[in-house]
Amino acid sequence: MNNIILIGMPGCGKSTVGVVLAKAVGYRFCDSDLLIQEKDGRLLSEIIDQEGTEGFNRIENEVNASIMTDHTVIATGGSVVYGREAMEHLSSIGVVVYIKLPYEEIEKRVGNLHNRGVSIRSGQTLRDLYDEREPLYERYADLTIEVGKRTISETALYIKEQIESISAGSEKEND
């Protein structure tokens with residue numbers, strides 16, 4: 001596995017931790033939300049406004065399922081877990097790390113969901129979204145990192161250590 005894929009709720013720190021982690025392991029960094037905007041030519045919020053959440057999720061699934069890279073930390077959008085093809089592809093090209101943050105912290109960090117380009121259905125609350133997505137993150141994750149009180153740098157280094165530990169274990173199995 002030569003990529004590290006970060007999944008989790010909006011506001012959990014995927015992009016911020018991802019940049020620090022990429023530097024720590026000597027990988028490139030890719031933010032799949034920015035990739036979606038680049039390939040589609042619209043902001044995430046514009047795609048959601050014009051295509052609806054289902055249309056956005058379809059575009060997100062297609063873009064994430066087409067990422068072809070090596071030695072890259074990929075920070076995904078929080079709704080990537082709705083795309084089965086994307087998650088199967090990402091799982092096949094790297095280790096999937098769920099950055100888990102308690103709901104109360106997510107609520108403090110997120111801010112305006114629309115401006116952020118969060119895929120949320122009409123009438124759905126942030127709490128509803130958290131409760132809906134958490135089991136999906138758990139299902140797809142190879143590794144779950146509970147952030148808790150860790151700083152960004154501590155989280156990145158902890159992820160690096162955990163992945164190195166997994167890699168060392170799989171190398172012993174192959175001997």
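Reader: How far apart are the end C-alpha atoms of helix α3 (residues 44–65), and how far would a straight helix reach?

Author: Start with the yardstick: the expected span is 1.5 Å times one less than the number of residues. For the 22 residues of α3, a straight helix would reach 32 Å, but the ends are only 17 Å apart. Helices here are DSSP runs of H or I with at least four residues, strands are E runs of at least two, and both are numbered from the N terminus.

Reader: Where is the kink in α3 centred?

Author: On G52, with a kink of about 120°. That bend is the angle between axes fitted to the seven residues ending at a position and the seven starting there.

Reader: Anything to know before I go on?

Author: Yes, this is a predicted model, where local features need pLDDT of at least 70, side-chain atom pairs need 80 or more, and totals for chains, interfaces and linings use all residues. Numbering runs from 1 along each chain as its sequence is written, and side-chain values use heavy atoms, with hydrogens and water left out.

Reader: Where is confidence lowest, and where is it highest?

Author: pLDDT is the predictor's confidence in each residue, from 0 to 100. Helix α6 (residues 113–116) is lowest, with a mean of 64, while strand β3 (residues 72–75) is highest, at 98. For the whole protein the mean is 91, and 93% of residues reach 70 or more.

Reader: Which strands pair with β3?

Author: Strands count as paired when DSSP finds at least two bridges between them. β1 (residues 3–7) runs parallel to β3, joined by four bridges, and β2 (residues 28–31) also pairs with β3 in the parallel sense over four. Look at A75: L6 stands opposite this residue, and D31 has A75 as its bridge partner too.

Reader: Are the faces of β3 buried or exposed?

Author: Buried means under 20% relative accessible area, exposed over 50%, and partly exposed in between (1.4 Å probe, protein chains only). Both faces of β3 are covered: T72 and I74 are buried on one side, V73 and A75 on the other.

Reader: What is phi of H71 near?

Author: Most residues other than glycine have a negative phi. H71 has a positive value, near 50°. This residue lies in the loop between α3 and β3 and is partly exposed, at 41% relative accessible area.

Reader: How far is G94 from H71 in space?

Author: 9.0 Å, C-alpha to C-alpha, though they are 23 residues apart in sequence. G94 sits in the loop between α4 (84–93) and β4 (95–100) and counts as buried, at 0% relative accessibility.
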